[in-house]
Amino acid sequence: MVVCRLDRHLKKQTNKTTSSADDSMTVRRGKKLSISIQEHMAIDVCPGPIRPIRTISAYFPRLSPTSPGPISPNPASSPLVLSPGSVASGMGGAHLLSPLLAHGRPGGGGGGGGSLSLTSSVDTSVEINSSDSDDCTALGTLEFELRYEQRSSELHCTVLRAKGLKSMDFNGLSDPYVKLHLLPGACKANKLKTKTIRNSLNPVWNETLTYVGITEEDMHRKTLRLTVCDEDKLTHNELIGESRVPLKRVKPDQTKHFHTCLEHPPPMPSPTAMGEALRGISCYLREWENEQLHSLEERGRLLLSLQFLPPLSSEDNEVDGGGGGRRGGGLSVGVKRCAHLAAMDVNGFSDPYVKIYLKPDILKKSKHKTAVMKKTLNPEFNEEFFYEISLSELTNKTLEVTVWDYDLGRSNDFIGGVCLSCHTQGDGLRHWMDCLKNKGSRVERWHILTNELPRTLSHD
């Protein structure tokens with residue numbers, strides 16, 4: 001009897017198992033099988049058995065290998081990493097996605113595989129942040145030197161070479177060249193450019209570009225922008241990357257070597273359309289706006305030389321010939337050159353010339369004018385004018401120098417001007433006083449042109 005009852009019980013259990021298997025096959029053959037989004041993502045990502053995932057953000061770990069932050073003890077919030085060692089240790093595919101904390105032990109909790117540990121993540125951070133990493137050198141590196149000659153007010157930039165540039169052409173190469181700009185300022189006026197190296201990702205230039213009229217104030221306020229571009233004859237040139245160096249990092253009369261990684265140009269914020277997200281950097285935007293306004297006031301640079309010549313004695317006059325030479329003392333004004341002038345014509349250039357006055361001018365005989373230099377923003381004049389005047393009279397005079405753009409058939413455009421006298425301020429006052437104190441010596445100085453037209457010249 002006991003044996004019969006056991007046989008009946010086994011038959012019932014077998015029938016239940018068979019019916020449940022048929023039901024499961026029926027569900028599998030149906031087309032309306034519903035799974036959750038978590039299970040769906042797990043199917044696509046995990047080759048092993050389906051494991052429910054708490055949040056979809058687990059696939060986007062907050063703690064990257066390069067971040068130095070602490071590791072969260074919560075496995076759900078920890079980043080997930082692939083652990084080939086756990087697969088090799090015989091644990092199966094169930095442990096393919098595992099928290100980083102679980103692999104902090106050597107061997108990953110299994111039989112000594114190649115799992116990612118905390119130490120390896122720190123090493124990865126060092127490699128990525130180094131200058132030899134793929135992330136920092138994706139666009140390439142640029143090597144150059146800067147030297148500021150304080151006496152001549154010249155900034156020399158020697159572009160040496162670039163390495164590992166990003167290919168921009170179909171042949172896998174580029175035709176790179178380097179452009180220089182001084183920021184803030186007009187890009188057209190202070191742009192310098194190297195030669196183009198054809199079909200190269202590791203070009204060597206060894207070319208020196210020079211900026212003239214760079215004052216000590218510019219070295220503390222301006223930034224040099226070096227842009228590497230790919231030249232295309234049929235289409236527009238393409239930008240590869242750029243590097244920016246504040247000039248305050250360069251000490252006078254010392255050569256400083258730079259080896260920087262090229263970066264993408266930063267987006268330019270709009271100070272007038274500042275929203276909620278930009279309120280936290282309002283101080284930066286205000287400073288940027290002031291720099292832009294200050295750059296608009298600058299219309300270029302002018303190099304002037306002043307020399308007060310004392311009266312000639314009778315002996316000197318005889319040596320000089322006693323003819324058409326000067327007999328009394330006077331002021332010699334030399335108009336050397338201009339740099340970074342504002343563009344006044346539609347072609348992006350100007351046709352500049354310089355006018356000088358010694359005011360007050362009752363007889364209206366103090367006006368002098370240089371020749372017109374066509375289509376340039378960095379003209380060289382090298383012209384000199386002489387005013388016969390005594391030192392006592394010169395202390396009450398004002399030298400007004402203005403730069404104009406010549407236009408045929410209509411009125412000339414005012415570019416900028418500067419005034420020098422005992423009543424001015426800044427560089428104009430220092431230059432004037434140095435000239436009066438150092439009789440017979442030639443004093444040269446760069447002056448920043450302003451867009452304010454002098455009142456005495458409003459009729460021009």
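Four strands line up as an open sheet in this predicted model, in the order β7-β4-β3-β10 with antiparallel pairing. On the outside sit β7 (204-212) and β10 (255-261), the edge strands, each of which pairs on one side only. Going from one strand to the next, the twist averages 20 degrees.

Look a little closer at β4, which covers residues 154-163: seven bridges tie β4 to β7, and the two run antiparallel. In that pairing, C157 stands opposite L209 of β7.

There's another open sheet of four strands to look at, with the order β6-β5-β8-β9 and antiparallel pairing again. Here the edges are β6 (192-193) and β9 (238-246), each with pairing on one side only. Strand β5 (residues 176-183) pairs with β6 over two bridges in the antiparallel sense, and K179 is the residue standing opposite K193 in β6.

Here are the two strand pairings side by side:

| Strand pair | Bridges | Sense |
|---|---|---|
| β4 (residues 154-163) and β7 | seven bridges | antiparallel |
| β5 (residues 176-183) and β6 | two bridges | antiparallel |

Now for a loop residue. D407 is found between β16 (398-405) and β17 (413-420), in the loop that links them. So is D407 buried or exposed? Its relative accessibility is 8%, so D407 counts as buried, the cut-off for that being under 20%. And what does D407 touch once its neighbours within four places in sequence are left aside? The contacts are D345, N412 and D413.

Notes. Residues are numbered from 1 along each chain as its sequence is written. This is a predicted model: local features need pLDDT of at least 70, side-chain atom pairs count only at pLDDT 80 or more; totals for chains, interfaces and linings use all residues. Side-chain values use heavy atoms; hydrogens and water are left out. Two strands pair if DSSP finds at least two bridges between them. Axes are lines fitted to C-alpha atoms, for helices over the stretch in contact, and angles run from 0 to 180 degrees between N-to-C directions. Buried means under 20% relative accessible area, exposed over 50%, partly exposed in between (1.4 Å probe, protein chains only). Contact means heavy atoms within 4.5 Å.
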